[in-house]
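Open the model in your viewer and keep the selection box at hand. Each stop below says what to select and what is there.

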Amino acid sequence: VLRDAFSSRLVAVAESTEQMLDRLLSPHLLPGEKTRPPRLLEAIRYGSLGGGKRLRPFLLVETARMLGAEGEGVLRAACALEMIHCYSLVHDDLPAMDNDDLRRGRPTCHKAFDEACAILAGDALLTYAFDVIADTPTHPDPAVRADLTVMLARAAGLGGMVGGQALDLEAESRKEPHSREFVMLMQSMKTGALLLNAVEAGARIGGADAAQRAALSHYGALLGAAFQVADDILDAEGDTAALGKRAGKDADRNKATLVAVLGIDEARKRRDALAREAIEALSGFGDKASILVEAARFTALRKS
Ligand code: GRG
């Protein structure tokens, strides 16, 4: 029953996220009067609509909902965060970074359009995310909007996702094995920061008190770590399935992953322990946290 409730919420939030993103990116509803280059707008829509699990919006919406906050403003905040995530994927797929041809089961943005267009589409998603989160309809209280904006900037920037990506790229060119501490720090920035932001933004919008905020931040950090170990495991399993060797373009990379550091069995144990600890962090919320509890299980055990 719990899993059914979770699955239907996951589908419902993904649908409302899609609708809100579509609306926010509709030519006639975009703010300002200037002409939008149609091909760029098409690339932006291609990079953000029609795919993805929408896990970050889900965590934001469900955290806020647990605390009694719902509505369009919450969805706008969720979409701003998802725009940052989508921009990171568009840029990560570029030849200068991961050089991928496929994303979410279709050609990457630079393959479907061109490189310059994909760079600009990412740039525009990044800046538009801040327009959306800081603008009045997101929350009636300007202090909350200011907090959400600063929190998102910090999660996405130098000390968060972008910084983590830089550490990851640097690490790959090193010859020596990576330490566990380094991999954990890099991952907490590269992917953990946005997942933690989802929960913390939901907590801010929902008006969590100090104790609730601390518990939810603990949950968000553990869930972010579980997400990334799960990703490392899925990657390693995918590589093994590809004829027992690492996939072509990854063959000579010194990947900074927890599977590389711990081995696959230990990594699986760590993933499961992180999910358990994330769930324990919610104990103070009782039954109200059942969807977030399932979200931690889903994050750790997902197949894609
Ligand atoms: C380019 C600034 C910049 C940052 C890139 C997050 C990131 C940093 C790159 C993504 C590379 C990658 C595949 C990382 C592994 C974890 C991850 C973010 C997977 C994709 O997230 P999901 O599974 O994707 O939530 P969907 O498609 O469901 O949204």
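## First stop: the loop at R104

Select R104, which is found in the loop between β1 and β2 (106-107). The model is predicted. Check the backbone here: phi of R104 is near 50°, a positive value in a residue other than glycine. Is R104 buried, exposed or partly exposed? R104 is partly exposed, because 14 other C-beta atoms lie within 10 Å.

Now step back to N99. This residue is found in the loop between α4 and β1 (102-103). N99 is not a glycine, yet its phi is positive, about 55°. With 12 C-beta neighbours inside 10 Å, N99 counts as exposed; the cut-off for exposed is 12 or fewer.

## Zoom out: the whole chain

Show everything as a cartoon. The chain has 13 helices and two strands. Its radius of gyration is 19 Å, and the globule rule gives 19 Å for 304 residues, so the chain is as compact as a globular protein of that length. Along the principal axes, the C-alpha atoms fill a box of roughly 50 × 50 × 35 Å.

Colour by burial next. Of the 304 residues, 43% are buried. What share of the contacts with a separation of 6 or more joins residues 24 or more positions apart? The share is 75%.

## The ligand shell

Select the ligand and the 16 residues around it. G52, K53, H91, D92 and Q165 come nearest. By type, the shell divides into five nonpolar, six polar and five charged residues.

Which helices each supply at least two residues of the shell? They are α4 (72-92), α8 (161-172) and α9 (180-205). Highlight α4: five shell residues come from this helix, the largest share.

## The nonpolar core

Hide the ligand and turn to the interior. In soluble globular proteins, nonpolar side chains tend to be buried together. Here the largest nonpolar core has 88 residues. α4 comes up again, with 13 residues of this core, the largest share. Select A77, L81, A226, A278 and A296, which have the most contacts inside the core.

Centre on A226. Leaving aside neighbours within four places in sequence, A226 is in contact with R271, L274, A275, A278, A296, T299 and A300. Keep these partners displayed for the next stop.

## Along helix α12

Select residues 264-280, helix α12. Put a distance between its end C-alpha atoms: they are 24 Å apart. At 1.5 Å a residue, the 17 residues should span 24 Å, so the two values agree.

Which residues of α12 are buried? They are A267, R270, R271, L274, A275, A278 and I279. These buried residues pack against α10 (210-241), α11 (258-262) and α13 (290-301).

Pick I279, in helix α12. I279 is buried, because 20 other C-beta atoms lie within 10 Å and the cut-off for buried is 20 or more. Beyond four places in sequence, its contacts are V293 and A296. R297 is 18 residues from I279 in sequence and 8.3 Å away in space, C-alpha to C-alpha.

Stay in α12 and move to D272. D272 counts as partly exposed, with 16 C-beta neighbours inside 10 Å. Draw a line from D272 to A230: 9.1 Å from C-alpha to C-alpha, across 42 residues of sequence.

## Two long distances

Select A236 in helix α10. A236 is partly exposed, with 19 other C-beta atoms within 10 Å. Not counting residues up to four places away in sequence, A236 touches V259 and I264. Now add L30, which lies 206 residues from A236 along the chain. The C-alpha atoms of A236 and L30 are separated by 42 Å.

Last, go to F285, in the loop between α12 and α13. F285 has 17 C-beta neighbours inside 10 Å and counts as partly exposed. Add F113 to the selection. How many residues apart along the chain are F285 and F113? They are 172 residues apart, and their C-alpha atoms are separated by 47 Å.

Methods: Residues are numbered from 1 along each chain as its sequence is written. This is a predicted model: local features need pLDDT of at least 70, side-chain atom pairs count only at pLDDT 80 or more; totals for chains, interfaces and linings use all residues. A residue is near a molecule or strand if its C-beta atom, placed from the backbone, lies within 6 Å of it. Helices (H or I, at least four residues) and strands (E, at least two) are DSSP runs, numbered from the N terminus. Ala, Val, Leu, Ile, Met, Phe, Trp, Tyr, Cys and Pro count as nonpolar, Asp, Glu, Lys and Arg as charged, and the others, Gly among them, as polar. The radius of gyration is taken over C-alpha atoms; the globule rule is 2.2 Å times the number of residues to the power 0.38. Two residues are in contact if their C-beta atoms, placed from the backbone, lie within 7 Å. The expected span of a helix is 1.5 Å times one less than its number of residues. A nonpolar core is a set of buried Ala, Val, Leu, Ile, Met, Phe, Trp, Tyr and Cys residues joined through C-beta atoms within 7 Å.
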